[in-house]
Amino acid sequence: MCYYRNLLLFFLILFSTITAAQEVKKTTVFRSYVSAVAQYNLYEQKHRKRKQTAHVKLAYLEWGKPGDKAFIWLHGSLSNAYEFMPFAERIAQAGYHVIAIDQYNAGKTPLPPFDASFDDLCVDIKDLMENLGIKKAVIGGFSRGAFLATNFYKQYPNSVTGLILEDGGSVAFKTSYEKLSKTALAAKLKSVNLPDEIKNKYFAEFSSKFQAYKSLFEPETKTNQFEILSYIKPLKNKWITYKGLPEYYYMQDSLHMAKALFQTSTISKYAASIINVDPVKIFQNLSTPVLIMDANSTTDPTPVLAENKTLAASHPKYIQLKAFENVDHNIHFAYPDEFVKTITEFLKKFNI
């Protein structure tokens with residue numbers, strides 16, 4: 001009996017060892033994960049900063065040396081400060097102190113202990129600037145971040161030397177929805193409802209940090225994609241990536257999206273903030289250079305090129321408009337080199 005008991009124990013140990021090995025075996029993904037963790041930790045040590053501001057401890061990434069010229073980037077939805085990482089060094093080499101901020105509930109910046117709005121976040125950004133001795137800065141942003149940048153200009157126009165708006169922030173958010181027929185609007189709102197395979201990939205809970213990393217890893221990309229780790233957060237005894245963010249934006253399904261668009265007063269202040277930004281009104285007495293980069297395609301989710309042309313024509317001295325063709329929204333991903341070139345030429349043209 002002792003022999004069989006020991007044999008059974010041996011097979012139980014062997015089985016558990018094999019199972020564990022299969023979970024984290026030395027595949028390409030796992031090797032990439034190990035490499036990514038090491039690279040991410042080094043990158044965080046070099047570029048990560050945090051400062052206590054009015055409402056939160058604001059986290060950000062930093063490149064270049066403090067000086068007369070500062071460049072602050074505000075990321076889009078479902079993103080964080082690492083969004084600007086591929087471009088930051090080139091902007092820093094052009095002579096700028098580059099700062100990419102983690103907005104509320106993104107990256108390393110926590111949620112404030114109350115229902116904060118864009119106005120509150122702008123107070124934190126201004127606090128950060130003052131803490132770092134930055135009197136004025138170029139403020140840029142993508143999508144939701146572009147609306148935040150425009151809102152910052154509304155609150156602190158004298159602190160902005162220039163605005164860079166990538167596919168957002170120049171035309172009211174509701175504009176493209178209000179142009180649709182009832183049928184087209186219903187179809188567009190329905191597209192917000194995500195299929196289960198997308199939910200399972202991006203909004204699920206994972207048993208380990210490695211599994212969360214694996215869910216976002218793209219095997220065809222020949223790097224370890226260490227920036228993926230900036231999207232992974234612990235949740236009790238699980239790990240998540242984008243879970244909870246659509247709810248924070250009030251855009252998790254068609255019903256909530258419709259409420260955000262047309263019943264703004266009934267939703268959270270933060271979710272309503274992007275709807276409440278009125279660029280035409282904010283830019284009425286514009287005296288600051290603005291670069292508008294508009295993604296344009298037949299499948300553009302927010303087709304507002306005509307409105308951007310009208311806005312640019314009304315401020316020819318200050319607004320520079322560039323349309324990027326055959327891209328739906330994310331210009332910096334589709335045209336990374338042209339994206340940086342357009343920014344650096346704009347900065348040089350206006351000497352800001």
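In this predicted model, Leu185 counts as buried, because its relative accessibility of 17% falls below the cut-off of 20% under which a residue is given that description. The residue has its place in helix H7, which covers residues 182-190. When residues up to four places away in sequence are left out of account, Leu185 touches Tyr177, Leu180 and Phe262. A separation of a different kind is found between Leu185 and Glu205, which lie 20 residues apart along the chain and whose C-alpha atoms are separated by 32 Å.

The setting of this residue can be described at the level of the whole chain. The secondary structure of the protein chain comes to 16 helices and 11 strands, and, of its 352 residues, 49% count as buried. Among the contacts that join residues at least 6 apart in sequence, 72% are between residues at least 24 apart.

As to overall dimensions, the C-alpha trace spans about 90 × 50 × 40 Å along its principal axes. The radius of gyration of the protein chain is 23 Å, which agrees with the value near 20 Å that a compact globule of 352 residues would have.

Surface and charge complete the description. The accessible surface of the protein chain comes to about 17,800 Å², and carbon and sulfur atoms account for 56% of this area. The chain carries 42 positive and 33 negative charges, and the mean positions of these two groups are 4 Å apart.

Definitions and conventions
Residues numbered from 1 in each chain as written. Predicted model: local features only at pLDDT ≥ 70, side-chain atom pairs only at ≥ 80, totals over all residues. Heavy atoms only, no water. Helix = DSSP H or I, 4+ residues; strand = E, 2+ residues; numbered from the N terminus. Rg over C-alpha atoms; globule rule 2.2 N^0.38 Å. Buried < 20%, exposed > 50% of the residue type's maximum accessible area, 1.4 Å probe, protein only. Contact = heavy atoms within 4.5 Å. Areas by Shrake-Rupley, 256 points an atom, 1.4 Å probe, with all protein chains shown as cover. Lys, Arg positive; Asp, Glu negative; His and termini not counted. Charge placed at Lys NZ, Arg CZ, Asp CG, Glu CD.
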